[in-house]
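Here are a few notes to help you find your way around this one. Have the structure open while you read, and take the points in order.

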Amino acid sequence: MIAQYGENPDISPWVTDSLLHDRNFTRRALAAEIVYLAVRGYLKIEEVMEEGKDDKVADYTLLKLRDPDKALKEHQRELLRQIFSKDAEKVKLSELKNSFYKKIPVIQKDVERYLESYYHLEPWVIGLYIFVALAMVAGAIFLAPDGRFDITIGGIVSGIIVYIFGLYMPKKTRKGLDTVWYIKGLKHFIHVAERYRVKFYEDEKMFERVLPYAMVFDLADKWAEVFEDLYKKQPEWFDSSRPFQLHSFVSSMRTFEGKTYANMTSRPSSTGGGGGS
């Protein structure tokens, strides 16, 4: 594994997460993408502390700094448009609760469209799965012992599953494979970053630029360890009333991740006969 020094502008954190999970995304993707946009000057993240407590974050406010432009991918522009809908200049994460979840499929569709060149299904692969599926169904119908309907039904169901899997199984193109190899190299770089400390003195923005990817990999704490005595001031895109300490800042990012996912994916509880969701 070759360590990749720095981020790739073609793949944002959400795209990175989707590539690692075959066009699905995890709870870390949302917050990491917002931090990515904040680092690039599109918004600012502000802590909102609980009343009377200076050590417990109650909420976060997202402050719009500039409109999305052509430098961003479509899913990033859509994310910003949906967060700051109706020309809002600022919004609290809690204000997105039970409403923003409707927007996530739209944004994910944009991510999937962007990933089209990273995936393909080779015709011979599809044909092989269809052949196997038909063979399983035929075997279940014609070769099962008399009276063993359980074997027949099981074989038919299994054949249908194989058929569907063959049609929709994601297979990466050479571009997709190379990009995933790069992503794994970036993850490896975070693991071994200690040996690159001298370079970090020359690139003071390295911590901020790689942080969103460290969040996707669940390595933000490890990434911060390397910069403990190098990174001393609060980022311009983050506002807190607390004195800046790197470990507290990374802890706040973990809290931000949890509150982002909780508020942006929450759905109203069902009041119908089917019970709550």
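1. Let's start with S266, and bear in mind that this is a predicted model. You'll find S266 in the segment that follows α11, the helix spanning 246-265. Is S266 buried or exposed? S266 counts as buried, because its relative accessibility is 13% and the cut-off for buried is under 20%.

2. What does S266 touch? Setting aside residues up to four places away in sequence, S266 touches K97, N98, S99, Y101 and Y261. There is also a polar contact to look at: the side chain of S266 reaches the backbone oxygen of N263 at 3.3 Å.

3. Now zoom out. The protein chain has eleven helices and four strands. Of its 277 residues, 42% are buried. Among contacts with a separation of 6 or more, 70% are between residues 24 or more positions apart.

4. As for the outside, the accessible surface of the protein chain comes to about 15,100 Å². Carbon and sulfur atoms account for 54% of that surface.

5. Helix α3 (residues 74-83) deserves a look. How many of its ten residues are buried? Seven are, so "mostly covered" is a fair way to put it. The buried residues of α3 are H75, Q76, E78, L79, L80, Q82 and I83.

6. Next, turn to helix α6, which runs over residues 149-168 and contains V157. V157 is partly exposed, with a relative accessible area of 42%. Together with I153 and I161, V157 forms a nonpolar patch on the surface. The accessible area of I153, V157 and I161 together is about 290 Å². As a general reminder, an α-helix has 3.6 residues a turn, so residues three or four places apart point the same way.

7. Finally, go to K187 in helix α7 (residues 174-191). K187 is partly exposed, at 36% relative accessible area. Which residues does K187 contact, leaving aside neighbours within four places in sequence? They are F217 and L219.

8. One more thing about K187: check where A3 sits. Along the chain, K187 and A3 are 184 residues apart, yet their C-alpha atoms are separated by 7.7 Å.

Note on methods. Residues are numbered from 1 along each chain as its sequence is written. This is a predicted model: local features need pLDDT of at least 70, side-chain atom pairs count only at pLDDT 80 or more; totals for chains, interfaces and linings use all residues. Side-chain values use heavy atoms; hydrogens and water are left out. Patches are made of residues with over 30% relative accessible area and no salt bridge: like charges are joined within 9 Å, nonpolar side chains (Val, Leu, Ile, Met, Phe, Trp, Tyr) within 5 Å. Accessible areas come from the Shrake-Rupley method with a 1.4 Å probe; for residues, only the protein chains shown count as cover. A salt bridge is a side-chain nitrogen of Lys or Arg within 4 Å of a carboxyl oxygen of Asp or Glu. Helices (H or I, at least four residues) and strands (E, at least two) are DSSP runs, numbered from the N terminus. Buried means under 20% relative accessible area, exposed over 50%, partly exposed in between (1.4 Å probe, protein chains only). Contact means heavy atoms within 4.5 Å. A polar contact is a pair of N or O atoms within 3.5 Å; within protein, one must be able to donate a hydrogen and the other to accept it, and residues adjacent in sequence count only if both atoms are side-chain atoms.
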